[in-house]
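Welcome, and thank you for taking a look at this model with me. Please open the sequence and the 3D view side by side, and we will walk through them together.

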Amino acid sequence: MAPKATAVNIKPTAKAFKDKSKPTDVRLSNIQAAKAVSDAIRTSLGPRGMDKMIQAGNGEVSITNDGATILKQMNVLHPAAKMLVELSRAQDVAAGDGTTSVVVIAGALLEACEKLLQKGLHPTAISDSFQRCSNKAVEILKQMSTPIELDDRETLIKSASTSLNSKVVSQQSSLLAPIAVDAVLKVTDPGKETSVDLKNIKVISSLGGTVEDTELVDGLVFTCRSAGSNAPKRIEKAKIGLIQFCISAPKTDMDHNVIVSDYAAMDRVLKEERSYILNIVKQIKKSGCNVLLVQKSILRDAVSDLAQHFLDKIKCLVVKDVEREDIEFVCKTLHCRPIASLDHFTAENLSSADLVEEVASGTNKFVKITGIQNMGRTISIICRGSNKLVLEEAARSLHDALCVVRCLVKLRAQIVGGGAPEIEMALQLAALAQTVEGVDAYCFRAFADALEVIPSTLAENAGLNPIATVTELRNRHAQGEKNAGINVRKGAITDIFAENVVQPLLVSISSITLATETIRSILKIDDIVNTFS
């Protein structure tokens, strides 16, 4: 007889369902979006890079190849792509130059991450390896750099010229570079050489003339003309007063209407107004002031017609409507404090200058104050351009040149350009990849390959064969020629240091470190959560 079959109840073991596809999809989406931003501005890298025409919603058009400006005005919706816009802005704050390079490097590193993720490497492992690569890359850059001194004006000018060579105004780099160097050196404090505040350099954009007419003014410039038709237009040995009160009839704090029906009452009102203004003007004359700077007033006229008439009589040059945000700069330059009431309008509160004059510049007129006694560490630059597009780009380019000189003041070392540092880093990191084990070997190799995007893009934008150029460049560096780089003027690999193509070490260091930080942030994201605003 066959044995009776016994039913065995096997309980299925509970397995938690885990969907691993979502983090992968999110990472891939982030990488694709950020790469799209990088590819959009890749063509504007280098001295032969293309310019972008940016059309704003209100019909305003601007032409530039400054990475930070392009990305700032680009309508970016994807959150990961916005991170690259922020990266460019961070590079602009940290170094002022290399805003396109940093985004191009970030795009290449993201492409490397995508390939490593497809091989099954964990994002955290890639992130940690990339951090080690970044630290090693900074060491390599420091080894390649050459120290400089602030007294060496020629070297500073070479670095500023390299920054300007990739701009629309590259033909005027021989004029703008010395202006940028002189301006930064003028505002550098002797005790605090490592910090330069660019707010102490006032760049005034003036339409008319050409970029060659851009000038450095060791003094103060007001973009408005002097008030009054009969007032003097030139005053030597000026006594300058900066006031924050109005020279016009006072008003009540609230809206009001006063109806005067009697001629005698009307006459009395006018007489009171006249004596009130006359009292202020007498006090101005008594102090010996012959140049008056008046802060812009919101509630009433800063200087009334009657007051202007009296001021013309005492031969006082008046600049009214000085903007509130400019007051701090004016005070710093003139080494004075603004006078808030008539009681404090005395001779000791005035500043002295050798010359105050109204000068014509194109279609505009400026009031220029020069020879200021006990002047603060500030300087003004009048930037000129024949049309609005050129003027805006000239001002942006000048800002980049000023930032480059500021970088050299902060970290006094320079490095060659032309793709040389990137190839040197790529070679040394690739050699290091042979000595490490495990995940690091893959990541170091990928990081090294990604850095070749800069010389490759420079060659591509200059119309050269990118593969042949980068191969030759790599070969020259392998033979020990650390300064070999892409010479876009000659279309060949030459000693780029001899061609004076140099840039601050700080620009290269910050572009590598900031790009790596951003990539690590993007790699760590595994989900996008929408919230209620």
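Let us begin at the surface, where E149, D151, D152 and E154 gather in a patch of negative charge. Keep in mind as you look that this is a predicted model. One member of the patch is D152, which sits in the loop between β3 and α6, the latter covering residues 153–164. Is D152 buried, partly exposed or exposed? Its relative accessibility is 34%, so D152 counts as partly exposed, because that class takes in values between under 20% for buried and over 50% for exposed.

The strand at the start of that loop leads us to a sheet. Strands of a sheet pair through backbone hydrogen bonds, and they can do so in a parallel or an antiparallel way. Here, 3 strands make up an open sheet, and their order is β3-β13-β16, with antiparallel pairing. Which strands form the edges? They are β3 (146–147) and β16 (502–504), each of which pairs on one side only.

Now follow the contacts across this sheet. Strand β3 is joined to β13 (residues 413–416) by 2 bridges, and the two run antiparallel. If you find T146, you will see Q414 of β13 standing opposite, while P147 has A413 of β13 opposite. On the other side, β13 pairs with β16 in the antiparallel sense over 3 bridges. There Q414 has a bridge partner in β16, namely P504. So what about the side chains of β13? A413 and I415 point one way, Q414 and V416 point the other way, and all of them are buried.

Next, return to the surface for a patch of another kind. V258, V260, Y263, M266, V269 and L270 form a nonpolar patch there, and together they have about 610 Å² of accessible area. Among them, Y263 belongs to helix α8, which covers residues 263–287. Y263 counts as exposed because its relative accessibility is 70%.

Salt bridges are our next stop. How many salt bridges does a search of the whole structure find? The search gives 25, and a few of them are worth visiting one by one.

Start with R132 and D440, whose side chains meet in a salt bridge at 3.0 Å, N to O. This pair links distant parts of the chain, with R132 in helix α5 (residues 123–144) and D440 in helix α13 (residues 439–451), 308 residues apart. The two ends have their own surroundings: R132 counts as partly exposed because its relative accessibility is 40%, and D440 counts as buried because its relative accessibility is 18%.

Another pair is D400 and K167, with side chains that meet in a salt bridge at 2.9 Å, N to O. D400 lies in helix α11 (residues 388–410) and K167 in the loop between α6 and α7 (173–187), so this contact ties together parts that are 233 residues apart in sequence. Both D400 and K167 are buried.

A further salt bridge joins K233 to E358, and their closest N and O atoms are 4.0 Å apart. K233 is in the loop between β6 (219–222) and β7 (234–243), and E358 is in strand β10 (residues 351–361), so the pair ties together parts that are 125 residues apart in sequence. With a relative accessible area of 31%, K233 is partly exposed, whereas E358, at 16%, is buried. Salt bridges can also be seen in a network here, linking E60, K388 and E392.

Let us finish with the backbone, at two residues that are not glycines. K315 has a positive phi of about 55°. You can find K315 in the loop between α9 (305–313) and β9 (317–322), and K315 counts as exposed because its relative accessibility is 53%. H335 also has a positive phi, of about 60°, although it is not a glycine. Where is H335? Look in the loop between α10 (327–334) and β10. H335 counts as exposed too, because its relative accessibility is 51%.

Technical notes: Residues are numbered from 1 along each chain as its sequence is written. This is a predicted model: local features need pLDDT of at least 70, side-chain atom pairs count only at pLDDT 80 or more; totals for chains, interfaces and linings use all residues. Side-chain values use heavy atoms; hydrogens and water are left out. Two strands pair if DSSP finds at least two bridges between them. Helices (H or I, at least four residues) and strands (E, at least two) are DSSP runs, numbered from the N terminus. Patches are made of residues with over 30% relative accessible area and no salt bridge: like charges are joined within 9 Å, nonpolar side chains (Val, Leu, Ile, Met, Phe, Trp, Tyr) within 5 Å. Accessible areas come from the Shrake-Rupley method with a 1.4 Å probe; for residues, only the protein chains shown count as cover. Lys and Arg count as positive and Asp and Glu as negative; His and the chain ends are not counted. The place of a charge is taken as NZ of Lys, CZ of Arg, CG of Asp or CD of Glu. Buried means under 20% relative accessible area, exposed over 50%, partly exposed in between (1.4 Å probe, protein chains only).
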